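Student: I am new to this structure and would like to learn how its descriptive terms are justified. Could we go through them one at a time?

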Amino acid sequence: MFSSIASHLVSLKKENYSPIDFATAFEVASKSLSRYGGAQLGDRTMIDALLPACQSFANSIRQDQPLKESLKKASEEAEKGAQETTKMKARAGRSSYISFENLHSVPDPGAHAVSIWIKAIYSQM
């Protein structure tokens with residue numbers, strides 16, 4: 001994920017990057033992860049936290065919201081997405097090998113991890 005973001009930014013060949021550059025890089029990397037990994041929203045994977053966070057961040061930045069506020073909203077969307085996985089049947093990822101009864105009320109670990117690292121980025125701003 002982070003290497004995809006970095007690759008996109010390097011491809012821009014700039015010395016300084018704008019928040020829109022970061023938002024676009026986040027979108028490109030998130031979509032690539034979904035495409036190559038095969039998971040989509042609702043599959044009970046990290047994508048369920050990642051894509052809503054990415055969309056929120058990009059929308060906020062494109063509406064000229066401050067970076068910190070945009071990250072806060074992205075963090076909230078990631079947490080919401082991770083919590084939503086507690087209600088989902090796993091259709092992809094490692095959780096797809098475990099029965100729904102054993103997963104019920106437990107967030108997907110990958111989605112939970114996404115919410116943690118986005119929150120960590122926000123907290124350091």
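Student: How do you know that the length of helix α2 is close to what is expected?

Tutor: Helix α2 covers residues 19-37, which is 19 residues, and reaches 27 Å from its first C-alpha to its last. The expected span is 1.5 Å times one less than the number of residues, and for α2 that expectation is 27 Å, so the two values are close. Please keep in mind that this is a predicted model, in which local features need pLDDT of at least 70 and side-chain atom pairs count only at pLDDT 80 or more, while totals for chains, interfaces and linings use all residues. Residues are numbered from 1 along each chain as its sequence is written, and side-chain values use heavy atoms, with hydrogens and water left out.

Student: What makes α2 a helix, and where does its number come from?

Tutor: Helices are DSSP runs of H or I with at least four residues (strands are runs of E with at least two), and they are numbered from the N terminus.

Student: Why are α2 and α3 called roughly antiparallel?

Tutor: Their axes, which are lines fitted to C-alpha atoms over the stretch in contact, come within 9 Å and cross at roughly 155°. Angles run from 0 to 180 degrees between N-to-C directions; under 35 degrees counts as roughly parallel, over 145 as roughly antiparallel, 65 to 115 as roughly perpendicular and the rest as oblique. The angle of α2 and α3 is therefore in the roughly antiparallel class. Among the residues that make this contact (heavy atoms within 4.5 Å) are Phe22, Phe26 and Ser30 of α2 and Leu50, Leu51 and Cys54 of α3.

Student: Which term describes α3 against α4, and what makes it apply?

Tutor: The axes of α3 (residues 47-62) and α4 (residues 67-84) come within 7 Å and cross at roughly 155°. That makes α3 roughly antiparallel to α4. On the α3 side the meeting residues include Ala49, Pro52 and Phe57, and on the α4 side they include Leu71, Ala74 and Gly81.

Student: Are the two crossings left-handed or right-handed?

Tutor: A crossing is left-handed if the near helix is turned anticlockwise from the far one by less than a right angle, and right-handed if clockwise. By that rule, α2 passes α3 in a left-handed crossing, whereas the crossing of α3 and α4 is right-handed.

Student: Why is Ser30 called buried or exposed?

Tutor: Buried means under 20% relative accessible area, exposed over 50%, and partly exposed in between (1.4 Å probe, protein chains only). Ser30 has a relative accessible area of 0%, so it is buried. This residue belongs to helix α2 and, leaving aside neighbours within four places in sequence, is in contact with Met1, Leu50, Leu51 and Cys54.

Student: How do you know which class Gln83 falls in?

Tutor: Gln83, in helix α4, has 36% relative accessibility, so it counts as partly exposed.

Student: Why is α3 said to be largely enclosed?

Tutor: Of the 16 residues of α3, 13 are buried, so the helix is largely enclosed by the rest of the structure.

Student: What makes Lys13 and Arg44 worth setting side by side?

Tutor: Most residues other than glycine have a negative phi. Lys13, however, has a positive phi of about 55°, and Arg44 has a positive one near 65°. Lys13 is in the loop between α1 and α2, and its relative accessible area of 76% makes it exposed. Arg44 is in the loop between α2 and α3, and at 1% relative accessibility it counts as buried.
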